[in-house]
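Colleague: Could you take me through one part of this model at close range? I would like a connected account rather than a list.

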Amino acid sequence: MANKSSQLLSSNDKDLCPTHCEEKLSVYCWTCKTCICHRCALFGGTHTNHSFKQLELVYETHLSQVKEEVSQLRTRLVELVGFVSDVEQNVEVVRSAKDEKVREIRNAVELMVSRLDAQLKVKLISLMRQKNALTLETEQLEHLLQEIEHQLNSCSRSQLISKSPE
């Protein structure tokens, strides 16, 4: 309670007229756009023929405008927080979509690699069969050549002529 009364006192101290130090500011001069005391308004001479309004009414109007602007600012703040939340959600959606696409691409690549491996295996089996057949034929030819050379070296002319059909 003492804190609130000291705030009121300090606020009231600030609402004293700089010209008439003991007088409270109670009038608003529309012409000068300044707060003055009733003595400045009536007897000061500097505000002759000016337009005045009761300071309390001007304050209430001003306070109402400030509160309305504060309300609009709070509404805008809520909007902005919502927008930030929406952007964060969009960021998460984009990241998730990217991760999903990466998974799809990896799966597609793995499937392609698997198919290539299967094709390679089939081709290697075919090539190995060809190689084995060629190796077998090569061995048979070498064996035949050795046999022919052996007969050329060891058989007589007549024996060679007789083995000619073989």
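Colleague: Which helix gives the most to the lining of the largest pocket, and with how many residues?

Modeller: Happy to, and please keep in mind throughout that this is a predicted model. The helix you are asking about is H3, spanning residues 55-154, which puts 5 residues into the lining of the largest pocket. The pocket itself holds about 310 Å³ of space. In total, 12 residues line the pocket. Nearest its centre are Asp-15, Leu-25, Leu-55, Glu-56 and Tyr-59. If you sort the lining by class, you find 6 nonpolar residues, 3 polar ones and 3 charged ones.

From the pocket, let us go on to the sheet. Here 3 strands make an open sheet, ordered S2-S1-S3, with antiparallel pairing. S2 and S3 are the edge strands, each of them pairing on one side only. From one strand to the next, the twist averages 35 degrees. As general background, strands of a sheet pair through backbone hydrogen bonds, in either a parallel or an antiparallel way. Between S1 and S3, which run antiparallel, there are 3 bridges. Across from Lys-53 in S3 stands Tyr-28.

Tyr-28 deserves a second look, since there is 1 aromatic pair by the rule used here. That pair joins Tyr-28 to Trp-30 in an edge-to-face arrangement, with 5.3 Å from centre to centre and 85 degrees between the planes. An angle over 60 degrees counts as edge-to-face, so the 85 degrees of this pair puts it in that class. The two partners differ in how much of them can be reached: Tyr-28 has a relative accessible area of 13% and is buried, whereas Trp-30, at 39%, is partly exposed. The cut-off for buried is under 20%, which is why Tyr-28 qualifies at 13%.

Next come the loops on either side of this region. Lys-33 sits in the loop that links strand S1 (27-29) to strand S2 (34-36). Its phi is near 60 degrees, a positive value although the residue is not glycine. Lys-33 is also exposed, at 52% relative accessibility. Asn-49 offers a second case, placed in the loop between helix H2 (38-43) and strand S3 (52-54). Phi of Asn-49 is near 65 degrees, again positive in a residue other than glycine. With a relative accessible area of 79%, Asn-49 counts as exposed.

Strand S3 also contains Phe-52, a partly exposed residue with 34% relative accessible area. From Phe-52 you can step out along the chain: Gly-82 is 30 residues away in sequence, and the C-alpha atoms of the two are 45 Å apart in space.

That brings us back to helix H3, where Leu-134 lies. Leu-134 is exposed, at 53% relative accessibility. Its separation from Gln-72 is 62 residues in sequence and 91 Å in space, taken from C-alpha to C-alpha. So that you have both ends of the tour together: H3 covers residues 55-154 and is the element that gives the most to the pocket lining, and Leu-55 and Glu-56 are among the residues nearest the centre of that pocket.

Methods:
Residues are numbered from 1 along each chain as its sequence is written. This is a predicted model: local features need pLDDT of at least 70, side-chain atom pairs count only at pLDDT 80 or more; totals for chains, interfaces and linings use all residues. Side-chain values use heavy atoms; hydrogens and water are left out. On a 1 Å grid over the protein atoms alone, a cavity is a set of points where a 1.4 Å probe fits but cannot get out, and a pocket is an open set with protein on both sides within 12 Å along at least five of seven lines; lining residues have an atom within 4 Å of a point. Grid points are joined across faces, edges and corners, and a volume is the space filled by probe spheres set on the points. Helices (H or I, at least four residues) and strands (E, at least two) are DSSP runs, numbered from the N terminus. Ala, Val, Leu, Ile, Met, Phe, Trp, Tyr, Cys and Pro count as nonpolar, Asp, Glu, Lys and Arg as charged, and the others, Gly among them, as polar. Rings of Phe, Tyr and Trp (its six-membered ring) pair if their centres lie within 6.5 Å; planes under 30 degrees apart count as stacked, over 60 as edge-to-face and the rest as tilted. Buried means under 20% relative accessible area, exposed over 50%, partly exposed in between (1.4 Å probe, protein chains only). Two strands pair if DSSP finds at least two bridges between them. Axes are lines fitted to C-alpha atoms, for helices over the stretch in contact, and angles run from 0 to 180 degrees between N-to-C directions.
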